[in-house]
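I am keeping these notes as I look things up. Each entry starts with what I wanted to know.

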Amino acid sequence: MPHAFLRRAASALALAAFAAVPALSHAQAYPERPIKLVVPWPPGGATDALGRMLAQRLTERLGQTVIVDNKAGAGGNIGTAAFVREKPDGYTLLVATSSTNAANPHLYARLGFDPVKDFTPVAFVAEIPNILEVPKQSPYQSVRQLVDAAKAAPGKLNYGSGGVGSSQHLAGAMFKARTGVDILHIPYKGSGPAVSDLLAGQVDMMIDTGSLAQVQAGALRALAVASRQRLPALPNVPTFAEAGVSDMYASAWYGIVAPAGTPDDVVARLNRDINAITADPAMRQRMESMGAIVPAGQTPAEFGAFMRAEIDRYAGIVKLSGAKME
C-alpha cells in the first residue's frame, strides 16, 4: 500500500511538472510575433517621434518587429479607447501621455476608458518640459521682468496656446495662478499657428514644449523651463523655481502601458528592455536633443504610482484653466 501510494504521488508530481512546462515555455518565448505600438496622435509630433524611436530599439532587443500604429483624434482619446479593448497579452502596447492619461479625464465628459483600471503600467520613458518663451524682439529678459510688466498693466499682455484645454493653455493658467498676473489667453487651432504668431511678435509669450529649435536658433528667447531640473538641451535657462516662481511644474510626459490584465512576466520583460533602451547613451542623447529629460529607470509599480498622482494633480490644473472640451 505505501508503495502504491508513492507511485501515485510520483505520477501526480510528474503530470503537474509536465503541465507546467507549456506555460513556462510560453513565458520564455515572448514575444513570438510582431508587437503593435499604438500612438494616439498623428505622425510628426513628439509622441510619434518618441514612439518610433522606441519601436526601432525594441525591435532590435526583442527580435520581433514593433509596428507603430497611429490612431489620432479627440485629443488622443480615440486611439486610447480602442487600445483598452485589445487582448492583454503583451502584443499591443500604448504610448501613454500626460494629455491622454492625466489631463483628459478632467477635460472630457466621455473618455471611453478608465485612466487607472484599464491600464497596466510598463515603463516611464521621458518628459518634455514646457518652456516659457517670448519673441526675440521682446523687451523681457527674465521671468521677473515679465511678471512685473504684467502686474503693472493687468490684462494688457497675452499668451498663445494650441487651443482650449491644450498643454499650453493649462501651463499658462498655472503660470497666472502661481504669479498672480492677469494675462489674456489667445487660443489657436493648433500650436503651429500660435508659434507662428509668437515668432512674429503678435503674441507676447507662450509656455510650450515644441519650440526648442526656434529657441536654439535665436528666434525665440527662453526665460524658464517648467521642470524640477534644468533642461539638458538648454543648460543656461533656469527652472521656474530658480527664477522665483514656485510650484510651476508643467511637463508633457510619455510612458508605455499595456491593457489591464497583462501577465506580470511580460510586463517585467518589457520594463527591463525599455529601461535598458532609455539608459543607453545614444538613445538618451537623441531624446535630450528633442528637449526631453530622461528619468532613471522606474519599476512598473513606480510608474503606476506616478500616473495616479498626475491624474490627481491635473484635476487642479484643469480647474484653474476653466477648460472643458464637452
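**Entry 1: helix α11**

Which residues of α11 are buried? I looked them up with one thing in mind: this is a predicted model. The buried residues are Phe303, Gly304, Phe306, Met307, Glu310, Ile311, Tyr314, Ile317, Val318 and Ser321. I noted that an α-helix has 3.6 residues a turn, so residues three or four places apart point the same way.

I then looked up what these buried residues pack against. Their partners are α4 (98-107), β4 (119-129), α6 (167-179) and β10 (251-259).

For the length, I found that α11 runs over residues 300-321, which is 22 residues. From first C-alpha to last, α11 reaches 31 Å, close to the expected 32 Å. Gly322 follows α11, and its phi is positive, near 75 degrees.

**Entry 2: the whole chain**

I stepped back to the protein chain, which has 11 helices and 10 strands. Its C-alpha trace spans about 100 × 40 × 30 Å along the principal axes. Of the 326 residues, 49% are buried.

How much area does the protein chain expose? I noted about 14500 Å², with carbon and sulfur atoms supplying 56% of it. I also looked at contacts with a separation of 6 or more: residues 24 or more positions apart account for 78% of them.

I looked up the charges as well. There are 30 positive and 26 negative charges, and their mean positions are 2 Å apart.

**Entry 3: Thr179 and Arg178 in α6**

α6 is one of the elements that the buried residues of α11 pack against, so I read on there. Thr179 is placed in this helix. Is Thr179 buried or exposed? Thr179 counts as buried because its relative accessibility is 10%, and the cut-off for buried is under 20%. Leaving out residues up to four places away in sequence, Thr179 touches Val147, Lys151 and Val245.

Next I took Arg178, which forms a salt bridge with Asp247. The closest N and O atoms of this pair are 3.4 Å apart. The pair links distant parts of the chain, 69 residues apart: Arg178 is in helix α6, and Asp247 is in the loop between β9 (220-225) and β10. Arg178 counts as partly exposed at 32% relative accessibility, while Asp247 is exposed at 56%.

**Entry 4: salt bridges within a helix**

How many salt bridges does the structure hold? I wrote down 12, and picked two more to look at.

Asp148 forms a salt bridge with Arg144, with the closest N and O atoms 3.5 Å apart. Both residues lie in helix α5 (residues 143-152), 4 residues apart, about one turn of the helix. Asp148 counts as partly exposed at 40% relative accessibility, and Arg144 counts as partly exposed at 40%.

Asp273 forms a salt bridge with Arg269, and here the closest N and O atoms are 2.8 Å apart. Why are Asp273 and Arg269 separated by about one helical turn? They are 4 residues apart in helix α9 (residues 264-279), which means about one turn between them. Asp273 counts as buried at 6% relative accessibility, whereas Arg269 counts as partly exposed at 23%. My last note is on a network: salt bridges that share partners join Arg57, Glu60 and Asp280.

How values were computed: Residues numbered from 1 in each chain as written. Predicted model: local features only at pLDDT ≥ 70, side-chain atom pairs only at ≥ 80, totals over all residues. Heavy atoms only, no water. Helix = DSSP H or I, 4+ residues; strand = E, 2+ residues; numbered from the N terminus. Expected span 1.5 Å × (residues − 1). Buried < 20%, exposed > 50% of the residue type's maximum accessible area, 1.4 Å probe, protein only. Contact = heavy atoms within 4.5 Å. Areas by Shrake-Rupley, 256 points an atom, 1.4 Å probe, with all protein chains shown as cover. Lys, Arg positive; Asp, Glu negative; His and termini not counted. Charge placed at Lys NZ, Arg CZ, Asp CG, Glu CD. Salt bridge = Lys/Arg side-chain N within 4 Å of Asp/Glu carboxyl O.
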